[in-house]
Each structure stands twice: as structure tokens, then as C-alpha cells.
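These notes go through the model point by point. Please read them with the coordinates open.

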Amino acid sequence: MTLRYLTAGESHGPGLVAIAEGFPAGLTVAFEAVDRDLRRRQKGYGRGGRMKIETDQAQFLAGLRGGVTTGAPIALVVWNKDHENWKELVSPYARGGRKFTQVRPGHADLAGALKYDLDDARDVLERASARSTATIVALGALAKALLGRFGIQVSSRVVAIGPRARLADAPPDGAQKLAIEASDLHVDDEAVAAEWRALIDAEKARGGSIGGAFDVYAEGLPIGLGSHVHPDRRLDSRLVGALCGIQAIRAAEVGDGTQVGRPGYEFHDPIHYDPARGFHRPSNRAGGLEGGMTDGMPLRVRAYMKPIPTMLHPLDTVDLATREATQARYERSDVCAVPAAAIVGEAVVAWELANAFLEKFGGDAIADVEKAVEAYAARIR
């Protein structure tokens, strides 16, 4: 059994829809946990005015009964409150307003309009918008519910805003996680957060934007999720692909993946064994993955987000209709969305891990999955 999903919806349309299939029957879903992650996605220093309008909640339409999965496809919707202000412009039933032809560098506007033979880039930008990540976060919360049933926890934190990097070699402990949850920059060091706020404020004042990086962690993973036998089954390739599928993410790495200048004896993790702990490592430079499979250590992946290309100080462009030089059209946007992207990163990592987990242990009912997990743990012990 594997997981799959489809989403639909536009940034200013009536709502964002998702259908997920493959969750075993008998899994309890805490609706508040889903909505909590949606609220986390809306937070973060540097966000724009849109987040003051929306109060994201997932409305489940199918696939659960009394908060428990039935084995049928799960359907949910996140309604867009801002649609009321845009319904004459963005609606399945209406098409009004002036066309959006001042295409923005760094966005999908130009390539999408030419690809689909469109004379209005709004038909591209509404779907390309990162607003669609609301449904991804809701789906990720479902994946977290499955993983959490087996003691696997997924978390994240921001490690860089602009040029300032804060590197972390190990997942934060519980106390640090609480501090991160209370932070408007999703980081556990207030001195660093203050520097980052100053950078964001400076970019806001000049009409610009700023990017950064975040880490996603997963603890409690069993050895052997993923596979070495084909590239598309390697868990590292799937995780990096999922992270780079998030809007504005331009690169991703596993563990210390970009630090390849080290000699081999400083880059790899020795293997130890004792009866009490089983196989274990004194270090985790591999980030919990070897040969495309989990190795029993905590997972650590990093994603790099570019500065948002919608800026008050616009870049030069060409008008799609006239082919004449102009400046990119501005619509309401964030100055920095790295803290929000970290929550989306949690969601896509959780989804890929849950998918790999069910590939290995899957059954039609949660009880079948539990038995498979217990049998595997007994065998490798």
C-alpha cells in the first residue's frame, strides 16, 4: 500500500481541495492537530497582509468517521476567506478585471502563460501561488498522525535568514522545541532571531525580500525505509524532490551533503553495536540516510529558499501583451516566508516518510501495520 494525493484550488478562489488515498483504516486523526499546523504555516516574522485575513482550518468531507480513518479516500477543503474580495476576478463562474500581463521575474508567470497559450498570467499565478501549500500542510498533518502512532516525530527549525547561518548537528530536544514554537522566526536563539528581524525590516524598508534555509528532523525512524535498488525508490531522492517541489525552494541537502570537501574519515559515520542499543553511530553526518535507506539515526534534511520575487521595488520585465519593456506588477506579498516554508517542509517530509513506512509495513487496517512493525523489529533485533 502506498499513499497518493491530488490537490486543486487557486490562491484567491473559493477554496483549496485535497484528496488523499492509502491511509489504513483505524487511524485516529486529531482535527485540532491538523488545524494547529495550518496556524503554524500562517505565522512568522515578515509575512504579508494575507495572513491577517485568513484563519485556516481543514474541513474534512470524506474518509473519516468520528475522527477515525475508514480506509476510503480522505477529502478535505481549506476555504479562502479572501475570495469574497476577489470573487468578481477569480471564480469558476466569473472572469473580470484587467488582465495581468506585467509578468514577474522569478515567478511562473511568463513560462506558464506561454506554455498554456494564455493572454492573462493570472491563470498561472493563482495556481502557482504558495497559498496552495495550505492543503499540503493539512495532508502532512495526516502523515504525522500515522508516523506518531509508531513513535516517529517530525519537527523543523529555521537555520538561516539572509547571510546569517545557524548550523545544527542534532535535532533539538523537547525544551528547544517549545522555544521554537513560541518564536516568530521558528528558531530557538533569541539573539539570532533579533538579527534576522533586523535583516527582514531592512528589506521591507527598501521594498525587497529575503530568503534563507530551514532544517527538518525526524526521530524514531526504523532502519530500512526506502531502498537502494532503483533511483526513484531511494528515500534521499524522494525527500529532496519533495522539498524542491515547494514554491521558492531552490536546493536541498541530506545531512552534511554540501560539505563534501572533508576527507572520508571526517565525513562518514562509524558503526558500533552493543546488545542494549543495537546498531548505533557516534555521529550523524549522513543525516539518517545511507544508500537511499534510513539507517536508524535521526533524519536531518535542509532546504534553501530564494527571496520571494514579488517586491514593492519591482524588477524590469516585458509586458506579455505588448512585448514592450515595463516593470513587474506588484501584488500583496511577504517580505520573508522562511518560517512558514519550514512548516511546509515538515509536511512534505512527513508525507514521504509515511509513504515509505507504508510501503514496508502497509496493510488495510492499522492493526495489520502494527503487527508488521513488531515482526520486523523482532527480526532485526
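1. A disulfide is taken here as a pair of cysteine sulfur atoms within 2.5 Å. By this rule the count is 0 disulfides. Cys244 is in none, and its nearest cysteine sulfur, that of Cys336, is 18 Å away. Cys336 is likewise in no disulfide, the nearest cysteine sulfur being that of Cys244 at 18 Å.

2. On the basis of the coordinates: this is a predicted model, in which local features need pLDDT of at least 70 and side-chain atom pairs count only at pLDDT 80 or more, while totals for chains, interfaces and linings use all residues. Residues are numbered from 1 along each chain as its sequence is written, and side-chain values use heavy atoms, with hydrogens and water left out.

3. Burial of the two cysteines. Buried means under 20% relative accessible area, exposed over 50%, and partly exposed in between (1.4 Å probe, protein chains only). Cys244 has a relative accessible area of 34% and is therefore partly exposed. Cys336 is buried, at 0% relative accessibility.

4. The first annotation to consider comes from an unreviewed UniProt entry, which places the feature "binding site" at Arg41 and Arg47. UniProt positions are given in the numbering used here, feature names are shortened, and annotations may be inferred rather than shown by experiment. The lining of the largest pocket includes both Arg41 and Arg47. On a 1 Å grid over the protein atoms alone, a pocket is an open set with protein on both sides within 12 Å along at least five of seven lines, a cavity is a set of points where a 1.4 Å probe fits but cannot get out, and lining residues have an atom within 4 Å of a point.

5. Arg41 is in helix α1 (residues 31-42), whereas Arg47 is in the loop between α1 and α2 (50-53). Helices (H or I, at least four residues) and strands (E, at least two) are DSSP runs, numbered from the N terminus. Arg41 is buried, with a relative accessible area of 3%. A polar atom of the Arg47 side chain lies 2.6 Å from the backbone oxygen of Arg41.

6. Contact means heavy atoms within 4.5 Å. Leaving aside neighbours within four places in sequence, the contacts of Arg41 include Arg47, Asp56, Arg131 and Val344. On the same basis Arg47 touches Arg41, Gln42, Asp334, Cys336, Ala337 and Ala340.

7. A second "binding site" feature, also from an unreviewed UniProt entry, covers positions including Arg127, Gln247, Ala248, Ile308, Pro309, Thr310 and Arg332. The set spans 206 residues in sequence and its farthest two C-alpha atoms are 43.6 Å apart, so the positions do not all gather at one spot. From this set, Pro309 and Thr310 are in the lining of the largest cavity.

8. Two members of that set can be placed further. Ala248 lies in the loop between α8 (235-244) and β10 (249-254), and its contacts beyond four places in sequence are Tyr304, Met305 and Lys306. Ile308 lies in the loop between β15 (299-305) and β16 and is buried, at 12% relative accessibility. Beyond four places in sequence, Ile308 is in contact with Ser209, Ser333, Asp334, Cys336 and Ala337.

9. Thr317 sits in strand β16 (residues 316-318) and is buried, with a relative accessible area of 13%. The Thr317 side chain reaches the backbone oxygen of Val103 at 2.7 Å. Among the contacts of Thr317 beyond four places in sequence are Gln102, Val103, Pro105 and Glu324.

Key:
A polar contact is a pair of N or O atoms within 3.5 Å; within protein, one must be able to donate a hydrogen and the other to accept it, and residues adjacent in sequence count only if both atoms are side-chain atoms.
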